[in-house]
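Subject: A structure for you to explore

Hi there,

Here is the structure I promised to pass on. Have a look at it first, and then read my notes below alongside it.

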Amino acid sequence: MWKMLKQVIPNFWGMMSIPAGEFIFLKIISSYGTVAVAAFGSALRIESVALLPALGMNFSTLALVGQANGARDAARIREVIRATVKVGATIAGISTLALYFLPEYLLPYLSADNEVVKIAVEILKVFALIQIGYVGIFIAESSLQAMKLANITMFTSLLREVLLPLLLCSSAS
């Protein structure tokens, strides 16, 4: 039971850091008005869809590295990580292109307000530039979790999703 909790508790806090980070960013963005909040929400919805293939890759990485780790096969772990980096780079490339070049066509389905769409387009162009970073983080964190090093992923998630945005928020005010 304790072995399972040592994996579950850090994963729980790592996953909880995502909505906590979004809440912090929404607090920052709300100071710019409701149009900015609506634009950010619309952009997040589209980015979430763009990240789904990378999340699927994340789950498969977790399973394959976990299996190789259980077999104590370090060469297989390296092989899986190399393969997922290649697949992940392809996924990130496609997501980057889609988020950069297609938002004008996608956002009107989420908002009829031209100002919301205009701001969300710019937000998605920024999101497009960080897709490779997300894929890298997903691969690293799923590999660490598979090797029973979930505490590391909890701390990195809390740092990038909560602590750094809080610092940004405090320096912006």
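Ser-143 is buried in this predicted model, because its relative accessibility is 4% and the cut-off for buried is under 20%. You will find Ser-143 in helix H6. Leaving out residues up to four places away in sequence, Ser-143 touches Thr-61, Val-65 and Ile-81. Try locating Ile-77 as well: Ser-143 and Ile-77 are 66 residues apart along the chain, yet their C-alpha atoms are separated by 8.4 Å.

Now step back to Ser-142, which is also found in helix H6. Is Ser-142 buried or exposed? With a relative accessibility of 1%, Ser-142 counts as buried. Not counting neighbours within four places in sequence, Ser-142 is in contact with Asn-58, Thr-61 and Leu-62. With Asn-58 there is a polar contact too, in which the two side chains are joined at 3.2 Å. Leu-55 makes a good landmark here: Ser-142 and Leu-55 are 87 residues apart in sequence, and 10.0 Å separates them from C-alpha to C-alpha.

A third serine to look at is Ser-17, in helix H1 (residues 2-30). Ser-17 is buried, with a relative accessible area of 1%. Setting aside neighbours within four places in sequence, the residues in contact with Ser-17 are Ser-157, Leu-158, Glu-161 and Val-162.

Next, a pair of helices. Two packed helices are described by the angle between their axes and the distance between the axes. For H2 and H3 the angle is about 175°, and the axes are 10 Å apart. The cut-off for roughly antiparallel is over 145 degrees, so H2 and H3 count as roughly antiparallel to each other. On the H2 side, the contact is made by residues including Ile-46, Ala-50, Met-57, Thr-61 and Val-65. On the H3 side, Arg-76, Ile-77, Ile-81 and Val-87 are among the residues that take part.

Helix H5 lets you try a quick calculation. How far should the 16 residues of helix H5 (residues 114-129) span at 1.5 Å a residue? The expected span is 22 Å, and the end C-alpha atoms are 23 Å apart, which agrees. The N-terminal end of H5 is capped by Asp-113, which has a side-chain oxygen 2.8 Å from the backbone nitrogen of Glu-115. Which residues of H5 are buried? They are Val-116, Val-117, Ala-120, Val-121, Ile-123, Leu-124, Phe-127 and Ala-128. These buried residues pack against helix H2 (34-70), helix H3 (74-101), helix H4 (103-106) and helix H6 (131-146).

Finally, the charged pairs. Side chains of opposite charge can pair when their charged atoms come close. How many salt bridges does the count come to? There are 4, and here are some to find:

- Glu-79 and Arg-76 form a salt bridge, with the closest N and O atoms 3.1 Å apart. Both residues lie in helix H3, 3 residues apart, which is about one turn of the helix. An α-helix has 3.6 residues a turn, so residues three or four places apart point the same way. Glu-79 is partly exposed, at 44% relative accessibility, and Arg-76 is partly exposed too, at 33%.
- Glu-104 and Lys-125 form a salt bridge in which the closest N and O atoms are 4.0 Å apart. Glu-104 lies in helix H4 and Lys-125 in helix H5, so this pair ties together parts that are 21 residues apart in sequence. Glu-104 is partly exposed, with a relative accessible area of 38%.
- Arg-160 and Glu-141 form a salt bridge, the closest N and O atoms being 3.3 Å apart. This pair links distant parts of the chain, since Arg-160 is in helix H7 (residues 150-172) and Glu-141 is in helix H6, 19 residues apart. Salt bridges with shared partners join Glu-141, Arg-160 and Glu-161 into one network. Arg-160 is partly exposed, with a relative accessible area of 24%, whereas Glu-141 counts as buried, at 12%.

Enjoy looking around!

Best wishes

Definitions and conventions
Residues are numbered from 1 along each chain as its sequence is written. This is a predicted model: local features need pLDDT of at least 70, side-chain atom pairs count only at pLDDT 80 or more; totals for chains, interfaces and linings use all residues. Side-chain values use heavy atoms; hydrogens and water are left out. Helices (H or I, at least four residues) and strands (E, at least two) are DSSP runs, numbered from the N terminus. The expected span of a helix is 1.5 Å times one less than its number of residues. Buried means under 20% relative accessible area, exposed over 50%, partly exposed in between (1.4 Å probe, protein chains only). Contact means heavy atoms within 4.5 Å. A polar contact is a pair of N or O atoms within 3.5 Å; within protein, one must be able to donate a hydrogen and the other to accept it, and residues adjacent in sequence count only if both atoms are side-chain atoms. A salt bridge is a side-chain nitrogen of Lys or Arg within 4 Å of a carboxyl oxygen of Asp or Glu. Axes are lines fitted to C-alpha atoms, for helices over the stretch in contact, and angles run from 0 to 180 degrees between N-to-C directions. Angles under 35 degrees count as roughly parallel, over 145 as roughly antiparallel, 65 to 115 as roughly perpendicular and the rest as oblique.
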